[in-house]
Amino acid sequence: MAESKINLYYKNVTAEIIGTEHGITTEQLDNIAEETTPIITQINTERKDGKTPYRDLPYKKETVEQVKELAEQLKDKCENLVVLGIGGSALGNIALQTALNPFMHNLDQNQRPGPRLFVLDNVDPDQLSSFLDWVVDKLDKTIFNVISKSGRTAETASQFLIIRKLLIDTLGPENLKNQIVATTDPKQGTLRNIADDLKLKTLEVPDGVGGRFSVLSAVGLFSAAMCGIDIDQLLAGAADMDKRVSSEDFFKNPAAINAAINYHYYNRDKKISVMMPYSYALKDLSDWYRQLWAESLGKTKDLSGNVVNVGPTPVKALGTTDQHSQVQLYREGPNDKLYTFLQVKNPNTKLEIGPAPENAPELAFLAGSELGNLLNSEKTATEFALLKDKRPCLTVLFDKVNPYTIGQFIYLYEVTTSFAGAMFNINTYDQPAVELGKDATFALMGKDGYEQLAKQIQPVTKIEDKFLV
Ligand code: PA5
């Protein structure tokens, strides 16, 4: 497994392929390399100075032991694992599960090495009630992993309060500690207080690691380990990528090249970044990437306090599904996007297409081919079509999808984000705009101390009839 790699392929952004108007010339690439080299040093120095603690997650042996021990302890009694969390406390868990466990994981016991997994990352009452109706008579075999770094997120807190009541009413208060694992700040916050008070089993969101950079901590590792994913290989893949993205040689550093190409296009009217996996397993990694890219890079001010309002817009698409939905726009609409395909050289499964019926000889060209071959041919075909229209395309090429390559991918994109943030000269790691939305929710829900904010929101909450059509 350890030999599998991912690589970034960037020939299809070059002028040689898509011309000088939209492509990058050799001279431009050399300039980009020169400009980026000091940023590589800066990112490496920030890492050494402890400013980016997410970089050290692949080496946290203690966390891995703790996660494995807890998973071992709970696995036998657990038929359903339910993650309560949102944003960085959910998207990584979903991405790992989709990538590394079979499509029918939750439905087919034979395809499931551990419990079913449900990640409830919303507060839609219809959705949650439907789930609660299903789970209510299985609570003693269900573990709820509530994940919130701050503990103050209204969505996760309200889900938790609903589940807490359900557990108390059904199994009795003394059983809360058997059914809940809290993943939160090691020392402070509402969830930490509740967990300590109820003597819940806990795991830690490490200090200085923001939600969207936390998938390789206990946040993502616990549900992965419970569901049979090899977390050692996941972290080994990330550590492998760590070496590559630390290289001071621009042309050997995939994160530096990835960020620099994205930055180059952002400054040339291609502010939209489409990630399009040609693999169902990789589909939720683009959701995870969307948050990472958007929350980290969408910022009002630069580090000197100038108003810059920067941020590429990440868009997710899925091949081949979205060929029949988005590609018309991608080819003939404005040339304002950079495309990143995710492609798997060797799909884990070989599935042969059946023979064509006699009365449909026009389907004979498909017969006997492998479905994975069709999927990859469609990727190449779509890329070819986009290149014809001078659209720049990158590909992240996976030898295979396995925990090792997924670990590499996660680490590659986290560090790419750090590079891009440095290029934009912004704070990559805060999310002040999300915080205002959280506060406004508190105000609307009547939390003490938010009365002034509630007043400010009033003009928005009042629906005026004259504008209803
Ligand atoms: O990346 C982030 O910091 C956010 O998306 C958070 O993960 C999200 O808002 C949930 O926050 P918390 O884990 O504090 O409940």
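Which residue of E10 is the bridge partner of Ser273? The partner is Pro314. This pair belongs to a sheet described below, in a model that is predicted.

## Overall dimensions

The protein contains 17 helices and 12 strands. Its radius of gyration is 24 Å, close to the 23 Å that the globule rule gives for 469 residues, so the protein is as compact as a globular protein of that length. The C-alpha trace spans about 65 × 65 × 60 Å along the principal axes.

Half of the chain is covered: 50% of the 469 residues count as buried. The accessible surface of the protein is about 22400 Å², and carbon and sulfur atoms make up 52% of that area. Among contacts with a separation of 6 or more, 76% are between residues 24 or more positions apart.

## The five-stranded sheet

Five strands form an open sheet in the order E1-E12-E11-E7-E10, and the pairing is mixed. Strand E1 (6–9) and strand E10 (313–316) are at the edges; each has a single partner strand, so one side of each lacks a neighbour in the sheet. On average, neighbouring strands of this sheet are turned by 20° against each other, direction ignored.

Strands of a sheet pair through backbone hydrogen bonds, in either a parallel or an antiparallel sense. The two pairings of E7 described next are parallel.

## Strand E7 and its partners

Strand E7 covers residues 272–278 and pairs with E10 in the parallel sense over four bridges. Besides the pair of Ser273 and Pro314, Val274 stands opposite Val315 in E10.

Strand E11 (residues 337–344) also runs parallel to E7, and seven bridges join the two. Here Met275 of E7 stands opposite Thr340 in E11. E7 is mostly covered, with six of its seven residues buried.

## Asn145 in strand E4

Asn145 lies in strand E4, which comprises residues 142–147. Is Asn145 buried or exposed? Its relative accessibility is 0%, and the cut-off for buried is under 20%, so Asn145 counts as buried.

A polar atom of the Asn145 side chain lies 3.1 Å from the backbone oxygen of Val181. Val181 is also one of the residues in contact with Asn145 when neighbours within four places in sequence are left aside. The other residues in contact with Asn145 on that basis are Leu81, Val82, Val83, Leu84, Thr183 and Phe222.

Note on methods
Residues are numbered from 1 along each chain as its sequence is written. This is a predicted model: local features need pLDDT of at least 70, side-chain atom pairs count only at pLDDT 80 or more; totals for chains, interfaces and linings use all residues. Side-chain values use heavy atoms; hydrogens and water are left out. Two strands pair if DSSP finds at least two bridges between them. Axes are lines fitted to C-alpha atoms, for helices over the stretch in contact, and angles run from 0 to 180 degrees between N-to-C directions. Buried means under 20% relative accessible area, exposed over 50%, partly exposed in between (1.4 Å probe, protein chains only). A polar contact is a pair of N or O atoms within 3.5 Å; within protein, one must be able to donate a hydrogen and the other to accept it, and residues adjacent in sequence count only if both atoms are side-chain atoms. Contact means heavy atoms within 4.5 Å. The radius of gyration is taken over C-alpha atoms; the globule rule is 2.2 Å times the number of residues to the power 0.38. Accessible areas come from the Shrake-Rupley method with a 1.4 Å probe; for residues, only the protein chains shown count as cover.
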